[in-house]
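Biologist: I am new to this structure and should be grateful for a close look at a single part of it, namely one helix and its surroundings. Please set out the setting as a whole before turning to the details.

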Amino acid sequence: MESAEERKFREYLEVEGLKFTPERRIVLKKVFSIHNHFEAEDIVLSLRVDGERISRASVYRTLNLLLMSGLLSPVHSAEKHGHFEHTFGHEHHEHFICS
């Protein structure tokens with residue numbers, strides 16, 4: 001059975017003329033299995049531990065598509081690299097950065 005986030009991502013990809021590939025499905029499922037902030041490299045490493053053979057470039061491209069579809073949001077922090085969180089189905093919340 002297709003999850004709500006899979007359905008939304010599939011619909012977004014169809015509108016954009018893109019395919020919902022098996023690799024994109026695996027990245028989507030991995031992203032939604034994480035319930036805190038993560039970096040793109042966290043996804044890459046976790047997929048490798050799982051034995052998935054998905055290129056780093058495919059992970060980064062899929063994360064970008066998830067951002068554009070509204071399923072994923074950037075988390076701004078004082079660090080120089082990007083963090084993400086999945087926001088689909090969650091209430092809006094703020095992130096504070098101490099200075």
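Modeller: **Helix α2 and its surroundings**

The protein contains 4 helices and 2 strands. The model is a predicted one. Along the sequence, the elements follow the order α-α-α-α-β-β. The chain has 99 residues, of which 33% count as buried. Among contacts between residues at least 6 apart in sequence, 44% join residues at least 24 apart.

The part chosen here is helix α2, which covers residues 22–33. Helix α2 has 12 residues and reaches 17 Å from its first C-alpha to its last. That span is close to the 16 Å expected at 1.5 Å a residue. The buried residues of α2 are Arg24, Val27, Leu28, Lys30, Val31 and Phe32. Several of these names return below, in the contacts with other helices.

Consider α3 as a partner of α2. The axes of α2 and α3 come within 10 Å and cross at roughly 110°. At that angle, α2 counts as roughly perpendicular to α3, because the range for this term runs from 65 to 115 degrees. On the side of α2, the contact is formed by Ile26, Val27, Lys30 and Val31. On the side of α3, Ile43, Ser46 and Leu47 take part. Sorted by class, the contact of α2 with α3 comprises 5 nonpolar residues, 1 polar residue and 1 charged residue.

Helix α4 is another partner of α2. These two helices pack at an angle of about 65°, and their axes are 10 Å apart. The helices α2 and α4 are therefore roughly perpendicular to each other. Their crossing is right-handed. From α2, the residues in contact are Arg24, Val27, Leu28 and Val31. From α4, they are Val59, Thr62, Leu63, Leu65 and Leu66. By class, the contact of α2 with α4 has 7 nonpolar residues, 1 polar residue and 1 charged residue. Val27 and Val31 of α2 thus appear in the contact with α3 and again in the contact with α4.

The two partners of α2 also meet each other. Helix α3 spans residues 40–49 and helix α4 spans residues 56–69. Their axes come within 10 Å and cross at roughly 130°. The helices α3 and α4 are therefore oblique to each other. In this crossing, α3 passes α4 in a right-handed sense. Helix α3 contributes Ala40, Glu41, Ile43, Val44, Leu47 and Arg48 to the contact. Helix α4 contributes Arg56, Val59, Tyr60 and Leu63. The contact of α3 with α4 has 7 nonpolar residues, no polar residues and 3 charged residues. Ile43 and Leu47 of α3 take part here and also in the contact with α2. Val59 and Leu63 of α4 likewise take part here and in the contact with α2.

Individual residues add detail to this picture. Leu65 belongs to helix α4. With a relative accessible area of 8%, Leu65 is buried, because the limit for that term is under 20%. Leaving aside neighbours within four places in sequence, Leu65 is in contact with Phe9, Tyr12, Leu13, Leu18 and Arg24. Among these, Phe9 lies 56 residues away along the chain, yet the C-alpha atoms of Leu65 and Phe9 are separated by 8.6 Å.

Leu18, which is one of the contacts of Leu65, lies in the loop between α1 (4–15) and α2. Its relative accessibility is 35%, so Leu18 counts as partly exposed. Apart from neighbours within four places in sequence, Leu18 is in contact with Leu13, Arg24 and Leu65. Arg24 of α2 is itself among the buried residues of that helix.

Two further pairs link α2 with other parts of the chain. Lys29 is found in helix α2, and at 46% relative accessibility Lys29 counts as partly exposed. Lys29 and Glu6 are 23 residues apart in sequence and 8.4 Å apart in space, C-alpha to C-alpha. The other pair involves Val31, a buried residue of α2. Val31 and Leu72 are 41 residues apart in sequence, while their C-alpha atoms are 8.7 Å apart in space. Leu72 is located in strand β1, which covers residues 72–75. Leu72 is buried, with a relative accessible area of 3%.

Definitions and conventions. Residues are numbered from 1 along each chain as its sequence is written. This is a predicted model: local features need pLDDT of at least 70, side-chain atom pairs count only at pLDDT 80 or more; totals for chains, interfaces and linings use all residues. Side-chain values use heavy atoms; hydrogens and water are left out. Axes are lines fitted to C-alpha atoms, for helices over the stretch in contact, and angles run from 0 to 180 degrees between N-to-C directions. Angles under 35 degrees count as roughly parallel, over 145 as roughly antiparallel, 65 to 115 as roughly perpendicular and the rest as oblique. A crossing is left-handed if the near helix is turned anticlockwise from the far one by less than a right angle, and right-handed if clockwise. Contact means heavy atoms within 4.5 Å. Ala, Val, Leu, Ile, Met, Phe, Trp, Tyr, Cys and Pro count as nonpolar, Asp, Glu, Lys and Arg as charged, and the others, Gly among them, as polar. The expected span of a helix is 1.5 Å times one less than its number of residues. Buried means under 20% relative accessible area, exposed over 50%, partly exposed in between (1.4 Å probe, protein chains only).
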